[in-house]
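Student: I am new to this model and would like a close look at one part of it. Could you pick a spot to start from and then lead me outward, step by step?

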Amino acid sequence: MDIIRLLWIIRIVWAVEDVLMDSTTATAELGWMIYPSLGWEEVSGYDENMNTIRTYQVCNVFNANQNNWVRTKYIQRRGAQRIHVEMKFSVRDCSSIPNVTGSCKETFNLYYFEYDKDVATKVFPVWMENPWVKVDTIAADESFSQVDLGGRVMKINTEVRSFGPVSRKGFYLAFQDYGACMSLIAVKVFYRKCPRVIRNGAIFEETLSGAESTSLVSARGTCVPNGEEVDVPIKLYCNGDGEWLVPIGRCVCKAGYESVDNGTICRACPSESFKASQGDQQCLQCPINSRTTSEGATNCVCRSGYYRADSDPLQMPCTTVPSAPQTVISSVNETSLRLEWDPPKESGGREDVVYNIICKSCGSGRGACTRCGDNVQFVPRQLGLTDPRVHISDLLAHTQYTFEIQAVNGVSDQSPYSPQFTAVNITTNQAAPSAVSIMHQVSRTVDSITLSWSQPDQPNGVILDYELQYYEKNMAESNSSLLRSQTNTAVIRGLKSGTIYVFQVRARTVAGFGRLSGKMYFQTMTE
C-alpha cells in the first residue's frame with residue numbers, strides 16, 4: 001500500500017467548516033431570483049425541529065416539460081478552492097399523487113456559476129446548463145405520501161455535494177426543477193479547512209483544503225517553543241475534506257525542556273532537575289551532591305567539594321576524592337622493599353580508586369629529603385596501582401627513605417588539593433661498600449711507605465675497617481701480604497729498599513668486604 005493511500009486511511013483531526021451562506025439564518029425573505037415566475041415559490045416552512053424558516057417549493061407535476069430555476073444571491077468565495085453545499089429538502093412520492101402524468105419527477109439538479117462580481121440579472125446568466133455548470137442530480141432517499149401529510153410527518157432528506165476548483169471572487173448556486181413536487185427547506189454553503197493543531201510537537205496553522213476531493217495540501221509545521229526538528233522536515237497533509245492526515249517528521253523538546261500536555265508544550269525542567277539532550281525523555285532529578293542554578297538546566301552543577309569526571313554520565317552522582325590509605329605494612333630485604341596497605345576508609349563514592357607511590361630519599365637522615373632517582377624500580381608500577389601492594393628494588397643501602405602512598409580516583413585531578421596519603425619511613429639494610437676510588441702516598445722510607453685513601457663513594461653502612469693487600473711488583477699476586485687498618489691511613493713496614501710494590505685496599509661493613517680498589521704502584525727509598 002503506497003503512502004498516500006495510507007494517509008487517506010489514517011485521519012487524525014476532523015475538518016473545520018466556514019459557512020459562506022446559510023438560508024436558515026435569514027430573518028426576512030431570501031429574495032432569490034426565480035425563473036419562470038410560475039415555478040418556484042418562496043414560503044415560510046419548518047425544519048425538522050419545527051422551527052420557522054424560509055423555504056422554496058414547487059409542485060407543477062401536472063404540467064409537462066417543466067424547467068423551473070431558483071438562483072441564490074452572490075456568494076463570496078473567501079479564498080476557498082472547493083465549495084460544499086448541504087441541501088435539506090422533501091420530495092412527494094409521485095405514485096402517491098392521483099391522476100399524475102408520466103412527467104412527475106423525484107429529483108432536481110444543482111448548478112453553479114462563477115464570476116468576479118455580482119452581475120446577475122433576470123436574464124444573465126442564461127437559465128441553461130451552459131454557462132451554468134452542473135454539479136449533480138439530487139435524488140431523495142425518502143419521499144412522503146398523502147398519508148404522511150395527513151399525519152403531519154416530515155421526511156426531510158439531507159444531501160451534501162461539492163464542486164471545484166473555483167477561482168473567481170464569488171459564485172451563484174441554482175436549483176433546477178423539471179417536474180417534481182418538492183420543498184427546498186434549507187441550503188448551507190461552506191468550505192472546509194484543516195484546523196490549527198499541534199501534532200508531533202509541531203504547530204500547524206489552519207489550512208484550506210485542496211480544490212479536488214482527492215487533493216492533498218502539504219502544510220509545513222513549526223516546532224512548539226523550545227522544540228527542535230528531527231528526522232525529515234515535519235509536515236501534515238490536509239485532504240479535500242478538510243481533514244489532517246498522519247504527520248511526517250516530528251519535533252522534540254530541546255535539552256533542558258520536557259514534553260507535557262500530550263506533546264503540545266515543551267516546559268523548562270523545574271529547579272533541581274535537568275535534561276541533557278533533545279528528545280522525548282522527561283527531566284531527571286539532579287543526582288546526589290549536585291544542584292541546578294536555574295530552570296531549564298541541561299546538567300546539574302556539583303556542590304562544593306564534589307566533582308564529576310569527564311567520562312561520568314550527567315545522571316551519575318557527583319563524587320569527591322578518597323581518604324588516605326590505611327594500615328601500611330613494610331618489609332625490608334637489604335635494598336628492596338615490599339609495601340602493603342588497606343584501602344581508604346572513604347572512596348569518595350567511586351569505584352575507580354588507584355594508588356600512587358612517591359619515593360623520597362633522606363640520606364642519613366640529616367637535611368631535606370629529595371625525590372628518588374629513575375634507577376629505583378617499582379613492580380608492577382609506581383603510578384595507578386589497582387592492588388594495595390608494591391615491590392620496590394634498587395634502593396641505596398643503609399639509606400633512610402620516605403614513601404608516600406597516595407589514594408586517587410577519577411576526580412582527584414579536579415580537586416585543588418593534593419591527594420591524601422599515608423607516609424612510611426624505612427631504612428635499608430647495610431651492604432658491602434663500593435670500591436675505594438683514590439689512594440695516594442703520604443710518605444716513604446727505605447723500608448716503609450705511608451698510604452692514605454678516600455672513603456668509598458657508597459659506604460652502604462658503617463665502615464668497620466679496611467684491608468690492605470700488597471706485594472712486590474715482580475712477584476706473583478699469590479705472594480701478597482694483608483694489613484688491617486681501622487682508619488683510612490696505614491704505615492706499611494718491613495719493606496725492601498728501592499723496591500716497587502703493588503697496593504690494593506677494600507672497606508668492610510657488617511655485610512662484608514667490598515671490592516678491591518684498582519692497583520696502585522709505590523716504591524720505597526734506596527739506601
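**A charged pair and its surroundings**

Tutor: Let's start with Glu-477, which forms a salt bridge with Lys-519; their closest N and O atoms are 3.7 Å apart. Please keep in mind as we go that this is a predicted model. Glu-477 sits in the loop between strand E38 and strand E39 (481-485), while Lys-519 sits in the loop between strand E42 (512-513) and strand E43 (520-523), so this pair ties together parts that are 42 residues apart in sequence. How much of each partner is open to the outside? Glu-477 has a relative accessible area of 37%, so it counts as partly exposed. Lys-519 is also partly exposed, at 39% relative accessibility. As a general point, side chains of opposite charge can pair when their charged atoms come close.

Where does this pair belong? The UniProt annotation "domain: Fibronectin type-III", from an unreviewed entry, covers residues 321-431 and 432-527. For the span 432-527, the end C-alpha atoms lie 41 Å apart, and the span is 46% strand and 0% helix.

Other charged residues to find on your display are Asp-465, Glu-467, Arg-484, Arg-506 and Arg-508, which are linked in a network of salt bridges. There is also a nonpolar patch on the surface, about 250 Å² in area, made by Val-462, Leu-464 and Val-510. Val-462 is placed in the loop between strand E37 (449-453) and strand E38 (465-472). With 47% relative accessibility, Val-462 is partly exposed, because that category runs between 20% and 50%.

Now let's move to other salt bridges. The structure holds 24 salt bridges. One of them joins the side chains of Asp-136 and Arg-161, at 2.6 Å from N to O. This pair links distant parts of the chain, with Asp-136 in strand E10 (residues 133-139) and Arg-161 in strand E11, 25 residues apart. Asp-136 is partly exposed, at 28% relative accessibility. Another salt bridge brings together Asp-352 and Arg-350, whose closest N and O atoms are 3.0 Å apart. Here Asp-352 is partly exposed, with a relative accessible area of 29%, whereas Arg-350 is buried, at 8%.

From charges we can turn to the nonpolar interior. In soluble globular proteins, nonpolar side chains tend to be buried together. The largest nonpolar core in this model has 30 residues, and those with the most contacts inside it are Trp-32, Ile-83, Leu-173, Phe-175, Val-187 and Val-189. At least two residues of this core come from each of strands E2 (16-22), E5 (52-59), E8 (83-91), E9 (107-115), E12 (170-177) and E13 (181-194). A second, separate core of 20 residues includes Leu-339, Cys-372, Val-390 and Phe-403.

Which residues does Phe-175 touch? Leaving aside neighbours within four places in sequence, Phe-175 has contacts that include Trp-32, Trp-40, Trp-69, Met-87, Phe-108, Leu-184 and Val-187.

For a second example, try Leu-337, found in strand E29 (residues 336-342). Leu-337 has 1% relative accessibility, so it counts as buried. Beyond its neighbours within four places in sequence, Leu-337 is in contact with residues including Val-332, Val-390, Ile-392, Leu-395, Phe-403 and Ile-426. To get a feeling for scale, look at Leu-337 and Tyr-111: they are 226 residues apart along the chain, and their C-alpha atoms are separated by 109 Å.

Let's finish with some backbone details. Most residues other than glycine have a negative phi, and most peptide bonds are trans. Against that background, the bond from Gly-164 to Pro-165 is cis, with omega near 0°. Pro-165 has its place in the loop between strand E11 (157-163) and E12. Val-379 and Pro-380 are also joined by a cis peptide bond, with omega about 10°, and Pro-380 is in the loop between strand E32 (377-379) and strand E33 (389-393).

As for phi, Asn-262 has a positive value of about 60° although it is not a glycine. Asn-262 lies in the loop between strand E22 (257-260) and strand E23 (265-268), and it is exposed, with a relative accessible area of 82%. Asp-394 likewise has a positive phi, near 65°. Asp-394 lies in the loop between E33 and strand E34 (400-408), and it counts as partly exposed at 43% relative accessibility.

Note on methods:
Residues numbered from 1 in each chain as written. Predicted model: local features only at pLDDT ≥ 70, side-chain atom pairs only at ≥ 80, totals over all residues. Heavy atoms only, no water. Core = buried A, V, L, I, M, F, W, Y, C linked by side-chain atoms within 4.5 Å. Buried < 20%, exposed > 50% of the residue type's maximum accessible area, 1.4 Å probe, protein only. Helix = DSSP H or I, 4+ residues; strand = E, 2+ residues; numbered from the N terminus. Contact = heavy atoms within 4.5 Å. UniProt positions renumbered as here; feature names shortened; annotations may be inferred. Patch = residues over 30% accessible without salt bridge, like charges linked within 9 Å, V, L, I, M, F, W, Y side chains within 5 Å. Areas by Shrake-Rupley, 256 points an atom, 1.4 Å probe, with all protein chains shown as cover. Salt bridge = Lys/Arg side-chain N within 4 Å of Asp/Glu carboxyl O.
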